[in-house]
Amino acid sequence: MSDRISQHFETLAIHAGNTADPLTGAVVPPIYQVSTYKQDGVGGLRGGYEYSRSANPTRTALEENLAALEGGRRGLAFASGLAAEDCLLRTLLSPGDHVVIPNDAYGGTFRLFAKVVSRWGVEWSVADTADPAAVRAAITPKTKAVWVETPSNPLLGITDIAAVAQAAHEAGARLVVDNTFATPYLQQPLSLGADVVVHSLTKYMGGHSDVVGGALVVSDPDLGEELAYHQNAMGAVAGPFDSWLVLRGTKTLSVRMDRHSENATKVADMLTGHARVSRVHYPGLPEHPGHEVAAKQMRAFGGMVSFQVEGGEDAAIEVCNRAKVFTLGESLGGVESLIEHPGRMTHASVAGSALEVPADLVRLSVGIENVEDLLEDLRQALG
């Protein structure tokens with residue numbers, strides 16, 4: 001976005017990368033559904049475009065938007081969140097390197113470390129990233145990256161980004177923050193010392209459960225160039241229509257996240273007082289162990305809530321099956337509310353590991369419906 005008047009998030013979300021089409025004046029970037037581009041002579045690229053794996057104008061618009069929203073220098077869009085993570089790991093790491101990963105993380109991220117990158121000689125160990133001292137203790141002379149999620153998936157743990165960034169940098173390692181749950185509207189890890197931000201664009205950034213995508217955002221332009229080289233060389237890029245859908249989603253991110261956070265707070269408060277709920281995981285609750293850190297580094301506390309049900313796994317599954325307004329399904333971050341059983345669904349891959357989740361856990365992605373309908377649905381599902 002050139003000649004910016006305002007740096008406020010809501011304005012950037014609508015205007016960054018969204019320049020009017022020079023041919024027609026269209027205020028929404030076109031979907032450049034094209035694979036190749038006519039060149040102005042051999043090696044004469046028109047606007048820098050030659051082949052849509054390397055660059056596509058619709059994807060460029062999204063990447064510029066993502067970089068602006070995260071306060072970074074370079075944004076890169078991928079076919080999925082895991083594709084973004086794979087590109088990052090193969091850019092940062094070599095055989096023999098070591099990564100510290102969190103003891104609470106998305107099951108697909110754990111699977112990528114445990115079943116894929118470990119096969120080519122990358123070592124990893126688990127630490128409670130909510131404790132900077134535990135992170136320091138887990139770092140070895142071979143550590144090249146510390147990986148955190150905050151809030152984490154599915155237990156909504158909170159990591160002090162600035163403190164862990166200091167620990168990582170003192171050891172010569174980079175800090176990677178998965179910012180999917182918070183989004184750049186609620187939290188900007190690069191400003192707190194992170195080196196790389198990871199997103200599943202499928203979730204809140206897209207916001208409508210109609211697209212799959214991923215992103216990396218960095219503040220170091222040299223690292224951005226390395227990642228862009230690998231993005232092109234590996235090829236798991238976001239397509240033009242997917243890029244357009246996410247770009248549409250980011251325009252309303254702020255208003256959606258305000259409603260998600262407002263609704264989730266009321267849901268967490270109700271669950272806290274329910275007789276059939278043994279524990280609620282939500283960083284907006286004053287009794288949450290990470291509440292003070294979250295209040296310091298987040299604008300609000302987000303739309304994800306997890307809770308544990310009296311009666312164990314069978315009772316938790318029953319709650320999921322009885323919900324009516326909450327849709328039983330994986331993923332999160334859409335305008336509609338979702339409910340799931342992490343142990344049987346999104347986090348089945350961590351069973352038996354240090355990341356195994358409680359069997360009695362239910363995870364909610366609280367949508368933007370009328371909150372009274374959501375509360376009533378949860379009350380009837382709990383019985």
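**Sheet and helix packing in the predicted model**

An open sheet of five strands is found in this predicted model. The strand order is β8-β9-β12-β11-β10, and the pairing is mixed. Strands β8 (277-281) and β10 (327-328) stand at the edges. Each has a single partner strand, so one side of each is left without a neighbour in the sheet. Strands of a sheet pair through backbone hydrogen bonds, either parallel or antiparallel. Strands β11 (residues 338-340) and β12 (residues 361-365) run antiparallel and are joined by three bridges. Glu340 stands opposite Arg363 in β12. Helix α12 (residues 312-322) packs on the sheet. This helix touches β9 (304-309), β10, β11 and β12. The direction of α12 makes about 135° with that of β9.

A helix pair was examined next. Helix α3 (residues 81-92) packs against helix α8 (residues 221-234) at an angle of about 120°. Their axes lie 9 Å apart. The crossing of α3 past α8 is right-handed. On the α3 side, the contact is made by Asp86, Cys87, Leu88, Arg90, Thr91 and Leu92. On the α8 side, Leu223, Glu226, Leu227, His230, Gln231 and Met234 take part. Six residues of this contact are nonpolar, three are polar and three are charged.

Helix α3 also helps to cover buried residues of helix α4. Helix α4 (residues 107-116) is mostly covered, with seven of its 10 residues buried. The buried residues are Gly107, Gly108, Thr109, Phe110, Leu112, Phe113 and Ala114. Besides α3, their cover includes the strands β2 (98-102), β3 (123-127) and β4 (143-149).

Definitions and conventions:
Residues numbered from 1 in each chain as written. Predicted model: local features only at pLDDT ≥ 70, side-chain atom pairs only at ≥ 80, totals over all residues. Heavy atoms only, no water. Axes fitted to C-alpha atoms, helices over the stretch in contact; angles between N-to-C directions. Helix = DSSP H or I, 4+ residues; strand = E, 2+ residues; numbered from the N terminus. Left-handed = near helix turned anticlockwise from the far one by under 90°. Contact = heavy atoms within 4.5 Å. Nonpolar A, V, L, I, M, F, W, Y, C, P; charged D, E, K, R; others polar. Buried < 20%, exposed > 50% of the residue type's maximum accessible area, 1.4 Å probe, protein only. Pairing = 2+ DSSP bridges.
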